[in-house]
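Here is a set of short exercises to work through with a protein model on your screen. Try each task before you read its solution.

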Amino acid sequence: MSHSRFSAVLFDLDGTLLDTAPDLGAAANFVLGQIGKAPLSDSVIRQTASDGALALIKAGLTDIEQTEHDLAVLRQQLLDFYAQHLYVGTRPYDGMIELISWLNQSLIPWGVVTNKPAFLTEPLLALVKELPGCATTVSADTLPVRKPHPEPLWYACAQIGVQAKDCLYVGDHIRDIEAGRNAGMKTAIAAWGYIAEKELLSEWQADVEMPDPHSLLKWLSR
């Protein structure tokens, strides 16, 4: 029997469950290199990754250059490259394997709710053998709406068979916390994720802020 206060824990994917920045950044830098642009720094990649492929492309171009290129084409090139290199440098965050293992042992179901499209989410998670037992995966295109709308979180709860009020949602972007709050869940900021330096996390109005997965495990299991 679980002694946790939650019936289920749901995670955002990029910057929360997995450190996907190495492979997202490699895809962005491949595309930028094709048009003669300098590669993005690791810092820029990590502060931009949560905003998606288009944001990564734009980060490597000046405002004028953005008008000179077909951004939709560059974005698709990034996604095509990324789809072929999903799990090269990507890894679970330090402590995440232990956290997921504890959830599984405690019979607390866990799942993923992401704004990443299913054609990337599902093959990526299938490659992550270190994190078994995912009970539900809700991607950007699973439903007509995506985060910060609460519907993807409610859908995940229905898939697992728990009530939203008994769930914790963990994410590294303000839209994750807004989605969790909109859904009536408790929320935790994954402060280890892809958070821009300008962000004031206290303004997100989350229930808790966690510096790393180890701390989240201690908090859940105490």
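**Exercise 1. A charged pair in one helix**

Is Asp 42 buried, partly exposed or exposed? Then look for the partner of its side chain.

Solution. Keep in mind that this is a predicted model.

- Step 1: Start with the relative accessible area of Asp 42, which is 47%. A residue is buried under 20% and exposed over 50%, so Asp 42 is partly exposed.
- Step 2: Now find the partner. The side chain of Asp 42 meets that of Arg 46 in a salt bridge, with 3.2 Å from N to O.
- Step 3: Check the partner in the same way. Arg 46 has 25% relative accessibility, so it counts as partly exposed.
- Step 4: Place the pair in the chain. Asp 42 and Arg 46 are four residues apart in helix α2, which means that about one helical turn separates them.

**Exercise 2. Salt bridges between parts of the chain**

How many salt bridges does the structure hold? Which parts of the chain does the pair of Lys 147 and Asp 12 tie together?

Solution. A general idea helps here: side chains of opposite charge can pair when their charged atoms come close.

- Step 1: The count is seven salt bridges.
- Step 2: One of them joins Lys 147 to Asp 12, with 2.9 Å between the closest N and O atoms.
- Step 3: Lys 147 sits in the loop between β5 and α8, and Asp 12 in the loop between β1 and β2, so this pair ties together parts that are 135 residues apart in sequence.
- Step 4: Look at accessibility. Lys 147 has 3% relative accessibility and therefore counts as buried. Asp 12, at 7%, counts as buried too.
- Step 5: Follow the shared partners. Asp 12, Lys 147 and Asp 176 are joined into one network by salt bridges.
- Step 6: Try another pair. Lys 37 and Glu 65 meet through their side chains in a salt bridge of 2.5 Å, N to O. Because Lys 37 is in the loop between α1 and α2 while Glu 65 is in helix α4, the pair ties together parts 28 residues apart in sequence.
- Step 7: Lys 37 counts as partly exposed at 24% relative accessibility, whereas Glu 65 is buried at 16%.

**Exercise 3. The length and packing of a helix**

What span should helix α1 have, and how far apart are its end C-alpha atoms? Against which elements do its buried residues pack?

Solution.

- Step 1: Helix α1 runs over residues 21–34, which makes 14 residues.
- Step 2: The expected span is 1.5 Å times one less than the number of residues. For α1 this gives 20 Å, and the end C-alpha atoms are 20 Å apart, so the two agree.
- Step 3: List the residues of α1 that are buried. Among them are Ala 21, Asp 23, Leu 24, Ala 28 and Leu 32.
- Step 4: The buried residues of α1 pack against β2, α2, α3 and α5.
- Step 5: Step just past the end of α1, and you meet Gly 36, with a positive phi of about 80°.

**Exercise 4. A threonine in a loop**

Where does Thr 90 lie, and which side chain does its own side chain touch in a polar contact?

Solution.

- Step 1: Thr 90 is in the loop between α5 and β3.
- Step 2: With a relative accessible area of 0%, Thr 90 is buried.
- Step 3: Its side chain makes a polar contact of 2.7 Å with the side chain of Asp 23. Asp 23 is one of the buried residues of α1.
- Step 4: A polar atom of the Thr 90 side chain also lies 3.4 Å from the backbone oxygen of Leu 86.

**Exercise 5. The nonpolar cores**

How many residues does the largest nonpolar core have?

Solution. In soluble globular proteins, nonpolar side chains tend to be buried together.

- Step 1: The largest core has 52 residues, and those with the most contacts inside it are Phe 11, Leu 17, Leu 78 and Leu 216.
- Step 2: Helix α1 gives the largest share of this core, six residues.
- Step 3: A second, separate core has 15 residues, including Val 113 and Ala 179.
- Step 4: Return to Leu 17. Beyond its neighbours within four places in sequence, its contacts include Phe 11, Tyr 93, Trp 110 and Leu 131.

Technical notes
Residues numbered from 1 in each chain as written. Predicted model: local features only at pLDDT ≥ 70, side-chain atom pairs only at ≥ 80, totals over all residues. Heavy atoms only, no water. Helix = DSSP H or I, 4+ residues; strand = E, 2+ residues; numbered from the N terminus. Buried < 20%, exposed > 50% of the residue type's maximum accessible area, 1.4 Å probe, protein only. Contact = heavy atoms within 4.5 Å. Core = buried A, V, L, I, M, F, W, Y, C linked by side-chain atoms within 4.5 Å. Salt bridge = Lys/Arg side-chain N within 4 Å of Asp/Glu carboxyl O. Polar contact = N/O pair within 3.5 Å; in protein donor to acceptor, adjacent residues only side chain to side chain.
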